[in-house]
Amino acid sequence: MRIIAALALTLILTACGFEPVYGPGGTGTKLQNRVLVDTPIDREGFLLVRQLEERLGRAGDPAYRLGIELAVREEARAIDPDGDIRRFHVIGDATYTLSDTATGAVLRSDTVDNFVGYSATGTTVATLSAKRDAVERLMTILADEIVLQLQASDL
């Protein structure tokens, strides 16, 4: 019974055009080590580019160029009775454009956004450390979303 179910699932996925991302001719294979990400201009950009290169690899002979416009802001979310802010959200928006390096044609362009939170504890050092960690987590989330959208696209 399990074999029949597995065969039926295989036929259904094949019929709908399912193709593994890292299979022969898949989008993941087309992008791996072939995307040149623009040079970052700040710490947040550096963290994002690092995560993207970890997932896509570094381009030796780039076929694609990935341009990113990154905006990061912080919002106060919880204020205690003394008027001190105890919880923050770090919100990030990344607009990316994937283009062909040979022709300059834009292949895909979109925006991803997300947020993370951190608590402002009793000491300045602990709060700064929590903020740095939150920004790093946010850049990881944004990189994952960008890569997922690129891999799901039809290049």
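This is a short walk through the structure, from the overall fold to single residues.

The model is predicted. The protein has 155 residues, and 30% of them count as buried. Its secondary structure comes to four helices and four strands. Along the sequence these follow the pattern α-α-β-α-β-β-β-α. Among contacts between residues at least 6 apart in sequence, 61% join residues at least 24 apart. The exposed surface of the protein is about 9,500 Å². Carbon and sulfur atoms supply 57% of that surface.

Start with the sheet. The sheet is open and has four strands, in the order E1-E2-E3-E4. Its pairing is mixed. Strands of a sheet pair through backbone hydrogen bonds, either parallel or antiparallel. E1 and E4 are the edge strands here, and each pairs on one side only. E4 covers residues 106–119. From one strand to the next, the twist averages 25°.

Now take the strand pairs in turn. E1 spans residues 35–37, and E2 spans residues 64–79. The two run parallel and are joined by three bridges. One residue to look at is Leu36, whose bridge partner in E2 is Arg65.

On to E2 and E3. E3 covers residues 85–100 and pairs with E2 in the antiparallel sense, over 15 bridges. Two opposed positions help to fix the register. Leu66 stands opposite Leu98 in E3. Ala71 stands opposite Asp93 in E3. E2 and E3 form a hairpin, with five residues between the strands. Gly83 sits in that turn and has a positive phi of about 90°.

Two helices meet the sheet. Helix H3, residues 43–56, packs on the sheet and touches E1, E2 and E3. The direction of H3 makes about 125° with that of E2. Helix H4, residues 124–152, lies across E2, E3 and E4. H4 runs at about 150° to E4.

Look at H3 more closely. H3 has 14 residues and reaches 20 Å from its first C-alpha to its last. That is close to the 20 Å expected at 1.5 Å a residue. The buried residues in H3 include Gly45, Leu47, Leu48, Val49, Leu52 and Leu56. Gln51 also lies in H3. Is Gln51 buried or exposed? Its relative accessibility is 8%, so Gln51 counts as buried, the cut-off being under 20%. Apart from neighbours within four places in sequence, Gln51 is in contact with Met139, Thr140 and Ala143. Met139 and Ala143 are themselves among the buried residues of H4. Just after H3 comes Gly57, which takes a positive phi of about 85°.

H4 has 29 residues, which at 1.5 Å a residue should span 42 Å. The C-alpha atoms at its ends are 42 Å apart, so the model agrees with that expectation. The buried residues of H4 include Ala134, Val135, Leu138 and Leu142. Further along, Ile146, Val147, Leu150 and Gln151 are also among them.

Thr127 belongs to H4 too. Thr127 has a relative accessible area of 16%, so it falls under the 20% limit and is buried. Which residues does Thr127 touch, leaving aside its neighbours within four places in sequence? They are Tyr118, Ala120 and Thr121.

Tyr118 leads to the last feature. How many aromatic pairs does a search of the whole structure find? The search finds one. The pair is formed by Phe88 and Tyr118. Their rings lie 5.2 Å centre to centre, with 15° between the planes. The pair is classed as stacked because planes under 30 degrees apart count as stacked. Phe88 is in strand E3 and Tyr118 in strand E4, 30 residues apart, and the pair thus links distant parts of the chain. Both partners have low values for accessibility. Phe88 has a relative accessible area of 13% and is buried. Tyr118, at 5% relative accessibility, counts as buried as well.

Technical notes. Residues are numbered from 1 along each chain as its sequence is written. This is a predicted model: local features need pLDDT of at least 70, side-chain atom pairs count only at pLDDT 80 or more; totals for chains, interfaces and linings use all residues. Side-chain values use heavy atoms; hydrogens and water are left out. Two strands pair if DSSP finds at least two bridges between them. Axes are lines fitted to C-alpha atoms, for helices over the stretch in contact, and angles run from 0 to 180 degrees between N-to-C directions. Contact means heavy atoms within 4.5 Å. Rings of Phe, Tyr and Trp (its six-membered ring) pair if their centres lie within 6.5 Å; planes under 30 degrees apart count as stacked, over 60 as edge-to-face and the rest as tilted. Buried means under 20% relative accessible area, exposed over 50%, partly exposed in between (1.4 Å probe, protein chains only). The expected span of a helix is 1.5 Å times one less than its number of residues. Accessible areas come from the Shrake-Rupley method with a 1.4 Å probe; for residues, only the protein chains shown count as cover.
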